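Okay, everyone, thanks for coming. Let me put the sequence and the model up on the screen, and then we'll walk through it together.

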Amino acid sequence: MPLHKYAFEIANNYDSYAEKAIIFLPLLFFIFVFIIVMKPNAAKRFLRLQSSLPTSKIHSVAKGLAEIEGTLVMKTPLSSPVKNEVCIGYYYTIEDIDRDSDGKESYRTIHRETQCSIFQIKDDTGMIEVEPEGIELVLLEETNISSHSGKRYKETLLKDGQTMLLVGYADSKNGTPFMRKDEHYKVLGITSSSGITVWNKYQPLLRSFMFTCSIILLIIIYILTQ
């Protein structure tokens, strides 16, 4: 059907099409949000795996996917890009700052990068080296934020002495154990021990809330379509 005939059809049946739009737009929005929430990424894989893995002691960690917890030990220092702080590694973003007519700011990420040098983690049983290629910094707050020239610069740092939880693959080289990215699960993630405790406590409540909202929305859509 030519475009002008579609336009004519919609114009003649505007109320009917408007009613259908009111009904189905919330459903489309819900589907979009659901896809975004459920889309897998490294951070979500990390959070899912850490919730099911037992925390291993470093001295007795077995080869394979493992979770360890301990204090970070710096080997080769890096300099952070925003504040030039000495650190083990960082996650760095640059955002464009846009302002609307009311002066309200919005941000659009134009650059992101993760840099990390080889480091160690120690607990009360021993110490293990971490090869950081592919590492993800998960649920960590920004350490420093700076804005100038219409851009905002943010960095999240890993620093010597922090207590962290790491999920990755426990391997060995010449008989010496180390941690690296797990190639099967595509995960090498690190987060703060205190932050992940809060996440594990409230994440089931969030999941229950999302499920309840989904049921309510489906009921509303069903009622409107009757």
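Let me start with a question: leaving aside its neighbours within four places in sequence, which residues is Met-179 in contact with? Keep it in mind while I set the scene, and please remember that this is a predicted model.

So, the overall picture. The protein chain has four helices and 14 strands. It has 226 residues, and 31% of them count as buried. About 14500 Å² of the chain is exposed, with carbon and sulfur atoms supplying 58% of that. Now take the contacts between residues at least 6 apart in sequence: 63% of those join residues at least 24 apart.

Right, back to Met-179. You'll find Met-179 in strand 13, residues 176-180. Not counting the close sequence neighbours, its contacts are Ala-66, Ile-68, Ile-128, Glu-129, Val-130, Glu-131, Leu-166, Gly-168, Tyr-169 and Ala-170. Is Met-179 buried or exposed? Buried, because its relative accessibility is 0% and the cut-off for buried is under 20%. For a sense of how the chain folds back here, Met-179 and Gly-64 are 115 residues apart along the chain, while their C-alpha atoms are separated by 9.4 Å.

Two names on that contact list deserve a follow-up. Let's take Leu-166 first. Leaving out neighbours within four places, Leu-166 is in contact with Met-179, and also with Ala-66, Glu-67, Ile-68, Phe-119, Ile-121, Val-130, Ile-135, Leu-188, Gly-189 and Ile-190. Leu-166 also turns up in the largest nonpolar core, a set of 21 residues, where Phe-119, Leu-158, Leu-166 and Ile-190 have the most contacts inside the core. Which elements give two or more residues to this core? Those are strand 2 (64-74), strand 7 (119-123), strand 8 (126-130) and strand 12 (163-173). There's also a second, separate core of nine residues, and Phe-46, Leu-49, Leu-165 and Ile-196 are among them.

The other name is Glu-131, which sits in the loop between strand 8 and strand 9. Beyond its close sequence neighbours, Glu-131 touches Lys-173, Phe-178, Met-179, Arg-180 and Leu-188. With a relative accessible area of 26%, Glu-131 is partly exposed. If you want a distance to check on screen, Glu-131 and Ser-117 are 14 residues apart in sequence, and 7.8 Å apart from C-alpha to C-alpha.

Since we're on glutamates, here are two others to click on. Glu-67 is in strand 2. How does Glu-67 count, buried or exposed? It counts as buried, because its relative accessibility is just 3%. Outside its sequence neighbourhood, Glu-67 touches Gln-50, Leu-53, Pro-54, Thr-55, Ser-56, Leu-165, Leu-166 and Val-167. So we meet Leu-166 again, as a contact of Glu-67. The C-alpha atoms of Glu-67 and Gly-189 are separated by 9.6 Å, with their positions 122 residues apart along the chain.

Glu-136 is in strand 9, and at 34% relative accessibility it counts as partly exposed. Its contacts, again without the close neighbours, are Ala-42, Leu-188, Gly-189 and Ile-190. From Glu-136 to Leu-188 is 6.2 Å, C-alpha to C-alpha, and the two are 52 residues apart in sequence.

Now a quick stop at the backbone. Which way does the sign of phi go at Leu-139, positive or negative? Positive: phi there is near 55°, in a residue other than glycine. Leu-139 lies in the loop between strand 9 and strand 10 (144-148), and it is partly exposed, at 43% relative accessible area. Asn-174 isn't a glycine either, and its phi is positive too, at about 55°. Asn-174 is in the loop between strand 12 and strand 13, and it counts as exposed, because its relative accessibility is 79%.

Last thing: a pocket. The second largest pocket holds about 330 Å³ of space. It is lined by 16 residues, and the closest to its centre are Tyr-91, Thr-93, Arg-112, Leu-137 and Thr-156. Two or more lining residues come from each of strand 5 (89-99), strand 6 (105-116), strand 9 (136-137) and strand 11 (151-158). What classes of residue make up that lining? Six are nonpolar, four polar and six charged.

That's my tour. Happy to spin the model around for anyone.

Methods
Residues are numbered from 1 along each chain as its sequence is written. This is a predicted model: local features need pLDDT of at least 70, side-chain atom pairs count only at pLDDT 80 or more; totals for chains, interfaces and linings use all residues. Side-chain values use heavy atoms; hydrogens and water are left out. On a 1 Å grid over the protein atoms alone, a cavity is a set of points where a 1.4 Å probe fits but cannot get out, and a pocket is an open set with protein on both sides within 12 Å along at least five of seven lines; lining residues have an atom within 4 Å of a point. Grid points are joined across faces, edges and corners, and a volume is the space filled by probe spheres set on the points. Ala, Val, Leu, Ile, Met, Phe, Trp, Tyr, Cys and Pro count as nonpolar, Asp, Glu, Lys and Arg as charged, and the others, Gly among them, as polar. Buried means under 20% relative accessible area, exposed over 50%, partly exposed in between (1.4 Å probe, protein chains only). Contact means heavy atoms within 4.5 Å. Accessible areas come from the Shrake-Rupley method with a 1.4 Å probe; for residues, only the protein chains shown count as cover. A nonpolar core is a set of buried Ala, Val, Leu, Ile, Met, Phe, Trp, Tyr and Cys residues joined through side-chain atoms within 4.5 Å.
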